[in-house]
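This report covers selected features of one protein model: its aromatic pairs, a sheet, charges over rings and a nonpolar core.

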Amino acid sequence: MTGYGNAGSAGYRFRQCITSVRKRIRDFARVGSVALVIALLFGAGTVTSIWANQQNGRVVGLAYDPGTDALLKAYGHVLYRSTDQGKSWQTIAIAPLKDRQISSLAVSPAGKGILYVAGAGVGVLRSDDGGKTWVERDEGLASRDVIAVAAHTTQPETAYAVLKDKGVYRSQDGGHSWRLMDRTSQQGLRQLIHSNMPGSMQTGWLFAAASKGVHRAMDCFCLWQTAGKLDGQAYAVTYDPGEPKHLYAATERGLFSSPDGGENWVPIKSPTSEIIALAFARSGVLFAINADSDLYNSTDGGVTWIKANAQASGGDHDRRG
């Protein structure tokens, strides 16, 4: 798929999309198994990273908040905020969490102070005041076992939730109600993000880090597909908000970048082994955190890296559980 942002080719892309969907449907009918669809897209039976990370006390989510120029990281039971590029962290209490564990974190780029956390048994929790208060927002979801949550890039009340064994849901009223959008695209998925990359037939794109690379779909949910040839498990995906076609992915084979919306990937230098979470700041800084909770940042797209003090509070606290 090429030509993002070429409005004149929207009709052509739509016909291509419909043709592909029809072909998929015929293929599915021949096979007679939705399970095979799931396996082809995301690799059924390999959803292990999130739950293993929680048990090991690792970071399960990293996000940049453009409204406050802060960095947030989530462990299974704790959320932290840093306003100094990760040198120090402050705890954000989440009262409704109780004994349940976070598996995903999202910050709304469009609404200042809007945060989401989600997890198995947690459902979706939303804060409208930067984490001071939280409310449950899972009315209409088929279960409270949420694998991942994502916030729309430009619509503050739109969010996405991926439910284990249920599908992908969308809310357009801040989580007050949810609608099932896709029944098949949740297996093997670790993280979901929304991007305002041009070329969508609606309002943007969804990118997912999954057990078999990075996957993408326009947010019309007309077709999920593999984003380029990026073999192996992807742990995280992010993009440069100043240049949305420029993606970064953390995989079991290292870090990769894509200059063309996931069509092609090239390896970039990794500051350490097993990077498990990524975030990109408005200032152009790429953040990466590894399995030992060490945070690194790069101001040149991953050519060089500097280590920040990410271990001071978060990791030790969560490991006590």
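This is a predicted model, and it holds 3 aromatic pairs. Two of them are set out below.

| Pair | Centre to centre | Angle between planes | Class |
|---|---|---|---|
| Y160 and F221 | 6.1 Å | 50° | tilted |
| Y248 and F280 | 5.7 Å | 25° | stacked |

The Y160 and F221 pair links distant parts of the chain, 61 residues apart. Y160 belongs to strand β10 (residues 159-163), while F221 is found in the loop between β15 (213-218) and β16 (225-226). Both residues are buried.

In the second pair, Y248 comes from strand β18 (residues 243-251) and F280 from strand β21 (residues 275-280), so the contact ties together parts that are 32 residues apart in sequence. Are these two rings buried or exposed? Y248 has a relative accessible area of 5% and is buried. F280 also counts as buried, because its relative accessibility is 8% and the cut-off for a buried residue is under 20%.

Strand β18 is also part of an open sheet of 4 strands, ordered β17-β18-β19-β20 and paired in the antiparallel sense. Which strands stand at the edges? They are β17 (234-240) and β20 (266-268); each has a single partner strand, so one side of each is left without a neighbour in the sheet. From one strand to the next, the twist averages 30°. The antiparallel pairing of β19 (residues 254-258) with β20 runs over 3 bridges. Within β20, I268 is the residue that stands opposite L255.

K73 is placed over two rings. Its charged end sits over the ring of Y80, at 5.8 Å from the centre. K73 also lies over the face of W89, where the distance to the ring centre is 4.4 Å.

The largest nonpolar core has 17 residues. Those that touch the most other members are L62, L71, A279, F287, I289 and L295. Strands β1 (61-65), β21 and β22 (286-290) each supply at least two residues of this core. The largest share comes from β21, with 3 residues.

What does L62 touch, leaving aside residues up to four places away in sequence? Its contacts include L71, A279, F287, I289 and L295, which are also listed with L62 among the core residues that touch the most other members. L62 further touches L72, K73, L105, A277 and L278. K73, one of these contacts of L62, is the lysine that lies over the face of W89.

Notes
Residues are numbered from 1 along each chain as its sequence is written. This is a predicted model: local features need pLDDT of at least 70, side-chain atom pairs count only at pLDDT 80 or more; totals for chains, interfaces and linings use all residues. Side-chain values use heavy atoms; hydrogens and water are left out. Two strands pair if DSSP finds at least two bridges between them. Axes are lines fitted to C-alpha atoms, for helices over the stretch in contact, and angles run from 0 to 180 degrees between N-to-C directions. Rings of Phe, Tyr and Trp (its six-membered ring) pair if their centres lie within 6.5 Å; planes under 30 degrees apart count as stacked, over 60 as edge-to-face and the rest as tilted. Buried means under 20% relative accessible area, exposed over 50%, partly exposed in between (1.4 Å probe, protein chains only). A charge sits over a ring if NZ of Lys or CZ of Arg is within 6 Å of the ring centre and within 35 degrees of the ring normal. A nonpolar core is a set of buried Ala, Val, Leu, Ile, Met, Phe, Trp, Tyr and Cys residues joined through side-chain atoms within 4.5 Å. Contact means heavy atoms within 4.5 Å.
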